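This report describes how strands and helices are arranged in one protein model. Please look at the sequence and the structure before reading on.

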Amino acid sequence: MDDKNAGGPSAFVTGWPIKHSRSPLIHGHWLKCYGLSGGYERVATEPNAFVNFITHLNQSGFIGGNVTLPHKETTFQCADVSTPTAERLKAANTVWLHDGQLHADNTDGYGFLANLDQTLPGWDTTDRLHRPCLILGAGGASRAIVDALSNRGFSKIVLANRTLARAETLLDEIAPTGTAISLNDTQKMLGEAGVIVNTTSMGMDGNGLPILMDGIYPKALVTDIVYTPLTTPFLRAAAAQNIETVDGLGMLLHQAVPGFERWFGVRPKVGSELRQLIVNDLKRPQT
Ligand code: ATR
């Protein structure tokens with residue numbers, strides 16, 4: 001065992017690749033803010049080494065950490081104890097050791113809702129709850145968001161995806177009363193939907209979704225989980241119609257909160273200083 005715990009608890013973020021993860025900046029900021037001793041570091045783990053890494057955490061001196069792509073499903077499978085959320089999603093992004101057992105949670109859905117709750121308190125109005133909730137994309141992030149929105153009381157989930165079968169499978173597993181539609185049919189839902197979420201990777205590097213915001217319900221809320229760029233073409237088009245919008249950076253910041261509290265014992269606040277720190281980092285040329 002190495003000596004990581006000599007300076008306080010030590011946590012990690014692992015993925016493949018992991019070079020561009022902002023998690024060390026987020027947790028490093030909080031450790032400094034709260035005057036805590038401890039560490040948080042990136043660990044690149046290639047797929048064939050992952051099971052060994054995650055099942056031998058105690059031997060690396062870590063008390064827990066975050067897991068990102070492509071390891072979230074394997075993490076859930078390796079955990080001794082999972083939260084109900086991780087059980088539903090069959091994927092985990094946050095782990096910790098307790099009494100020698102590996103515990104796993106999935107905080108993506110929590111981060112999604114907490115971002116909206118903090119940025120636009122009262123966003124989940126009765127009007128919006130009763131309208132269709134339109135989610136674009138059916139990958140891992142969508143799974144967590146569909147689950148979170150269903151649990152918040154959005155009962156009319158409409159999931160639009162390029163590959164229809166993938167949306168159908170996701171709904172079967174997570175929100176069986178929802179409706180799957182093709183991405184090409186999204187336009188027809190815009191006049192009705194109270195909340196619209198983009199979880200597809202479209203919007204990164206300026207490529208927008210093929211959706212026009214004309215005719216959108218005027219009191220809709222539009223949000224995107226893409227945060228590079230911060231204002232995606234999707235959000236820009238909605239804002240041009242005077243629609244309320246929330247960008248995706250807050251989800252990244254808020255999903256980190258439960259893990260930090262577990263490992264370091266303080267529930268951290270997501271404040272403007274932290275947000276600015278990450279915004280500044282996003283502007284740096286990527287190597
Ligand atoms: P994650 O797990 O990070 O959410 P993912 O599993 O790679 O990401 O899923 C990405 C989502 O973006 C999917 O819904 C994907 O649609 P398909 O299921 O049809 O592949 C969607 N997506 C990616 N590129 C797209 C494109 N060019 N047009 C439409 N949808 C796209």
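## Terms and basis

Helices (H or I, at least four residues) and strands (E, at least two) are DSSP runs, numbered from the N terminus. Two strands count as paired if DSSP finds at least two bridges between them. Strands of a sheet pair through backbone hydrogen bonds, either parallel or antiparallel.

The model is predicted: local features need pLDDT of at least 70, side-chain atom pairs count only at pLDDT 80 or more, and totals for chains, interfaces and linings use all residues. Residues are numbered from 1 along each chain as its sequence is written, and side-chain values use heavy atoms, with hydrogens and water left out.

## The parallel sheet

One open sheet has 6 strands in the order 9-8-7-10-12-13, with parallel pairing. Strand 9 (179-182) and strand 13 (244-246) are at the edges with a single partner strand each, so one side of each has no neighbour in the sheet. From one strand to the next, the twist averages 20°.

Strand 12 (residues 221-224) runs parallel to strand 13 and is joined to it by 3 bridges. In this pair, L221 stands opposite E244 of strand 13.

## The mixed sheet

Another open sheet of 6 strands follows the order 2-1-3-5-6-4, and its pairing is mixed. Strand 2 (39-44) and strand 4 (81-82) form the edges; each has a single partner strand, so one side of each is left without a neighbour in the sheet.

Strand 1 (residues 10-15) and strand 2 run parallel, joined by 6 bridges. Here S10 stands opposite G39 in strand 2.

How values were computed:
Axes are lines fitted to C-alpha atoms, for helices over the stretch in contact, and angles run from 0 to 180 degrees between N-to-C directions.
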